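Work through the exercises below with the sequence and the model at hand. Try each task before reading its solution.

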Amino acid sequence: MTQRTSVPRTLRPALASALAVTLVAVLALAGCSAGASRTGTGATTKTSATPSASTGADAGHQHDVAAPASSRPLRPGERLVRLAMPEPYLPSAPYGSGTDDYRCFVLDPHLTRDAFITGLNILPGTPKVVHHVILFRVPPTSVPTVEAQDRSEKGEGWTCFGGTGVETTRSLTDAPWLGAWAPGGGEQVMAKDVGVPLAKGSRIIMQVHYNLLAGPTPDVSSAQLRLAPGTKKLAPLETMLLPAPVELPCRPGHARSRLCDRSAAVADAQKRFGDEVGQLANYIHFLCGPVRRGPVQTCDQAIRRPMMIRAAAGHMHLLGRSIKIEVDPGTARARTVLDIPVWDFDNQGARPVPPVHLRRGDTVRVTCRHDQSLRDLLPAFRGQQERYVVWGEGTTDEMCLGLLLVTRG
């Protein structure tokens, strides 16, 4: 595929914002599975933020939220803070059609000093409807805008397909991720020498993607943060996003639906998710090159600053078959950072890798393979006509995303 790293200036905010706040990452350098039980937690007017002792016990009983059955021991200087939605939320298709709801909620960790996030445990309240949960940092300068956005809709939170509605970054190389949960995820504790910076006065946006195929059910999702002092000598951990297109035509003999036409499929995504997000299938080609239809798609990104890869992850949906991330492919320095030959939607955790040093000018490539025939096997597609599949927000749409967890220098 022809490489294009120059995105038109007018499209950069939309592309960066939509990618940075829509796609699933798991910020785990080392993860372990955690069971769930029910426990109480206190709540403020918009969120609860309850410090926890090293035992993980919380105070208050405003409502029930999921809680970890166990917690790895705290390291020197670390403490736990739990954040939760203050009230149950009943998901619904906000535009009247579709089977997905993206909802954003503001969480306040009440930080009076700078801190590092060194671990987290995101706990979906109702796993059968929660497709993924992502936490994003909101710097203090953006807090008034976020609070205004929170007040803009009735009830808890606001609709946030493709974006939180609040731009906090325009960069694909430093997404505002704090952490995420996806199927297969559990408690995450980072390596002892790294952390994700969180400035005092910051807020956190919790974006929850609800899939409504099983029917709407109230949800109260929560997160437990492991915090270390901002004065601790830790290397700041960043998330680099590596998107690639999805251009999967209908199979021969299965092209009866009008949605087997690419333009109709993109228009349908716009109807379900709004204009900006629906057009992401087109925007992404400004980054990755012209449309080339087929089950295998790639995209190259040039490294602009030295960095070291600490972990890697991939994200696709139900039609994914395989995903790979490579450095300098086709050269004497070629290295494979991540290779998942058989994609498992229920196991999307980040994988630690031996440190890989990237130099300015190096190329990183992500490659995904999708397969329309999987819709014949999966219950989620039952009763749905085949369609041309492009990048989309829904569980039965598709994505191709590589993620690198990096430190700079």
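The exercises that follow concern a predicted model and take up a sheet, two helices and several loop residues.

**Exercise 1. An open sheet**

Task: Find the order of the strands in the open sheet of four strands, and say which strands stand at the edges.

Solution:
- Step 1. The order is β16-β25-β19-β22, and the pairing is antiparallel.
- Step 2. At the edges are β16 (238-243) and β22 (351-358), each with a single partner strand, so one side of each has no neighbour in the sheet.
- Step 3. From one strand to the next, the twist averages 30 degrees.
- Step 4. The partner of β16 is β25 (residues 401-408); the two run antiparallel and are joined by six bridges.
- Step 5. Within this pair, E238 is placed opposite V406 in β25.

**Exercise 2. Helix α5**

Task: Decide whether helix α5 (residues 280-288) is largely enclosed or largely open, and list its buried residues.

Solution:
- Step 1. A residue counts as buried under 20% relative accessible area.
- Step 2. The buried residues of α5 are L280, A281, Y283, I284, H285, L287 and C288.
- Step 3. Seven of the nine residues are therefore buried, and the rest of the structure largely encloses α5.
- Step 4. After α5 comes G289, with a positive phi near 110 degrees.

**Exercise 3. The two sides of helix α2**

Task: Determine where the buried residues of helix α2 (residues 143-151) lie around its axis, and what covers them.

Solution:
- Step 1. V143, V146 and D150 are buried in α2.
- Step 2. These residues span an arc of only 60 degrees around the axis, so they are on the same side of α2.
- Step 3. The spacing fits a general rule: an α-helix has 3.6 residues a turn, so residues three or four places apart point the same way.
- Step 4. P144 and R151 are exposed on the other side of α2.
- Step 5. The cover over the buried residues of α2 includes β6, β8 (130-138), β9 (158-159) and β13 (203-211).

**Exercise 4. Positive phi outside glycine**

Task: For H110 and D328, give phi, the loop in which each lies, and the degree of burial.

Solution:
- Step 1. As background, most residues other than glycine have a negative phi.
- Step 2. H110 has a positive phi, near 55 degrees, and is not a glycine.
- Step 3. H110 sits in the loop between β6 (100-107) and β7 (115-123).
- Step 4. With a relative accessible area of 44%, H110 is partly exposed.
- Step 5. D328, also not a glycine, has a positive phi of about 50 degrees.
- Step 6. The loop between β20 (320-327) and β21 (335-340) holds D328.
- Step 7. D328 counts as buried, at 9% relative accessibility.

**Exercise 5. Two basic residues in loops**

Task: Are K233 and R251 buried or exposed, and which residues are in contact with R251?

Solution:
- Step 1. K233 is in the loop between β14 (222-229) and β15 (235-236).
- Step 2. Its relative accessible area is 82%, so K233 is exposed.
- Step 3. The C-alpha atoms of K233 and F116 are 9.9 Å apart, although 117 residues separate the two along the chain.
- Step 4. R251 is in the loop between β17 (247-248) and α3 (262-273).
- Step 5. R251 has a relative accessible area of 17%, so it is buried.
- Step 6. Beyond its neighbours within four places in sequence, R251 contacts Q372, S373, R375, D376 and E386.

Note on methods. Residues are numbered from 1 along each chain as its sequence is written. This is a predicted model: local features need pLDDT of at least 70, side-chain atom pairs count only at pLDDT 80 or more; totals for chains, interfaces and linings use all residues. Side-chain values use heavy atoms; hydrogens and water are left out. Two strands pair if DSSP finds at least two bridges between them. Axes are lines fitted to C-alpha atoms, for helices over the stretch in contact, and angles run from 0 to 180 degrees between N-to-C directions. Buried means under 20% relative accessible area, exposed over 50%, partly exposed in between (1.4 Å probe, protein chains only). The arc is that of the directions from the helix axis to the C-beta atoms. Contact means heavy atoms within 4.5 Å.
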